[in-house]
Amino acid sequence: MVVHNPNNWHWVDKNCLGWAREYFQEKLVGLAAQEGDCQLSVTSVKTVDGDCEVSQRKGKVISLFDLKIVLAYDGELAGDKFEGTVSVPEVAFDSDPEDYQFVVTIFQETSKLNERVKPLIRERLVPQLRSAFQQFGPDLLTTHSSDIQVGADQVSSTFTRANQEASVPVAGASQAKAPASAQSTAKSSTQVQKPVEKATSGASASKPGTTSRVVNTSSMHLEPSFNVPAAELQRTFLDRMRLQQFSRSELRMLHSGSGSGAGGETLGEGDEYELFGGNVRTRVVSVGDSSIKLQWRLSDWTPEWFSELSIEFHESQEYHETKLKITWDKIPVGQEDRVRQNFEEYYVRAIKLTFGFGAVL
C-alpha cells in the first residue's frame, strides 16, 4: 500500500478483513481441549464477517473492527466421534474479555454429549479463544500501521510525530506471528460484477439499464434445525412437488442433468431450475447420502454468477431433530443480509409452515 501523505496529516483507511480471516484461521485452528476420555480441537474457521479497518490521521493510528466469527470443531468421547460449531456474535475493538459470548452447537446432539462437551468447551477452550481475541487488536496495529503512514523521518510536524510514536505499537511487543500475506492489502479470493443498485430483501426481479462494478465476495454459515428425520428433510430440498409446495410457485426446469434424478420427480446432479417466478435459479451440483451441494443465484445478480451452497444433514435421533450445517460461499459483498433473509423466510420458515417440521417464531 503506497501512501503519499505529507506529515501523515490526512485520514487514511486500510481494509483488513481479508487479513483478519487469515489471522484467525492461523491462530484458532488447532486449539484443543481435553478432560478424561473427552477431547476436541478446532478444525476450521467457517466465517469471519463484519468490518475491520486500520486508520490514521495526524500521525495517530487506530483500529476499528466488529466481527462475527464461526469456528468448527470435532472430537471424540469414549470412542464416539462428534462435531459442531462455536459462534461468537461480536469481537470488537472495544471488547473486554468478559464481553465475548459463545454459542455452542453439537451436531447429532445427545444428552451425553451435552453433559460432557459443552462444559469442556466453556471451561477449557473458551479461555484460549478469549486470549486470541484480545491479542487480535495489538497484532492488527503492529502489522498494518507502518504501511498507512510515511516514516517518522519524513514528518516535520512535532505534534504529528509525537502522535505517531505514541500510537504505533513497538515492534516485538506482544506481537504474534502474522499470516504469510500480512504485508499485502486485504483481498477476497474472488471478484465478480454486480448491479450498483442497493439490494433489498426478497427475491426481486432484475431491472433494466443497471450498470455494474467490480466487488468482492463473502461467505456465510447457517445452522437451522427441523423436527424431522434427515432423509425427509433432504427429500424436501430435492422433490419437485415439495419444492413447489413450500415455495408456492411453479418449478420451471431449465436443464435436465444426467444424475440419478434425471427426468424423474426427484432432482439430481446437473438439474437446473427456477422458483419464485424466475427470481431464484438453482443448479444441483451433487447429492450425497446426507448432503447436497447447490449453486444458487438471484435474478438481478450479474448474469451467470452463482453462489455456492453446501448443505449437510445431521440427525439427532434422541432429540428427534435434524440440524442443517450450511456453508454458503461466493456471495457478492453487500448481498449477505439479503441472501440470509431470503433463505430464512422463503426456505426455512416456509418448509416448517408447509410441512410442520418445526416451530416458527
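In the predicted model, Leu324 is located in strand E15, which spans residues 321-332. Because its relative accessibility is 0%, Leu324 counts as buried. Leu324 and Ile311 are separated by 13 residues in sequence, and their C-alpha atoms lie 6.4 Å apart in space.

Strand E15 also contains Lys325, which takes part in a contact with strand E5. Lys325 forms a salt bridge with Glu83, with 3.4 Å between the closest N and O atoms. Glu83 belongs to strand E5 and Lys325 to strand E15, so this pair ties together parts of the chain that are 242 residues apart in sequence. The two partners were also assessed for burial. Glu83 has a relative accessibility of 29% and therefore counts as partly exposed. Lys325, with a relative accessible area of 9%, is buried.

The count of salt bridges comes to 18. In general terms, side chains of opposite charge can pair when their charged atoms come close. One such pair consists of Glu272 and Arg281, whose side chains meet in a salt bridge with an N to O distance of 2.5 Å. Both Glu272 and Arg281 are buried. A further salt bridge joins Asp300 to Arg338, the closest N and O atoms being 3.0 Å apart. This pair links distant parts of the chain, 38 residues apart: Asp300 lies in the loop between strand E13 (291-298) and strand E14 (307-316), whereas Arg338 lies in helix H6 (residues 336-355). Asp300 counts as buried because its relative accessibility is 10%. Arg338 likewise counts as buried, at 4% relative accessibility. In addition, Glu109, Lys118, Glu321 and Lys323 are joined into one network by salt bridges that share partners.

Attention then turned to the nonpolar interior. The largest nonpolar core comprises 43 residues, and those with the most contacts inside it are Phe133 and Phe136. Two or more residues of this core are supplied by each of helix H1 (17-28), strand E3 (38-57), strand E4 (60-77), E5, E6 and helix H2 (111-144). The greatest contribution comes from H2, which gives 12 residues to this core. In soluble globular proteins, nonpolar side chains tend to be buried together.

On the surface, a patch of negative charge is formed by Asp13, Asp51, Glu53, Asp66, Glu90, Asp94, Asp96, Glu98 and Asp99. Asp99, a member of this patch, is placed in the loop between strand E5 (80-92) and strand E6 (103-106). Asp99 has a relative accessibility of 39% and therefore counts as partly exposed.

Backbone geometry was examined in two loop residues. Ala78 has a phi near 50 degrees, which is a positive value in a residue other than glycine. Ala78 is found in the loop between E4 and E5, and its relative accessible area of 44% makes the residue partly exposed. Phe276 also has a positive phi, of about 55 degrees, although this residue is not a glycine. The position of Phe276 is in the loop between strand E11 (272-275) and strand E12 (280-287). With a relative accessibility of 16%, Phe276 counts as buried, since the limit for that class is under 20% relative accessible area.

How values were computed. Residues numbered from 1 in each chain as written. Predicted model: local features only at pLDDT ≥ 70, side-chain atom pairs only at ≥ 80, totals over all residues. Heavy atoms only, no water. Patch = residues over 30% accessible without salt bridge, like charges linked within 9 Å, V, L, I, M, F, W, Y side chains within 5 Å. Areas by Shrake-Rupley, 256 points an atom, 1.4 Å probe, with all protein chains shown as cover. Salt bridge = Lys/Arg side-chain N within 4 Å of Asp/Glu carboxyl O. Lys, Arg positive; Asp, Glu negative; His and termini not counted. Charge placed at Lys NZ, Arg CZ, Asp CG, Glu CD. Helix = DSSP H or I, 4+ residues; strand = E, 2+ residues; numbered from the N terminus. Buried < 20%, exposed > 50% of the residue type's maximum accessible area, 1.4 Å probe, protein only. Core = buried A, V, L, I, M, F, W, Y, C linked by side-chain atoms within 4.5 Å.
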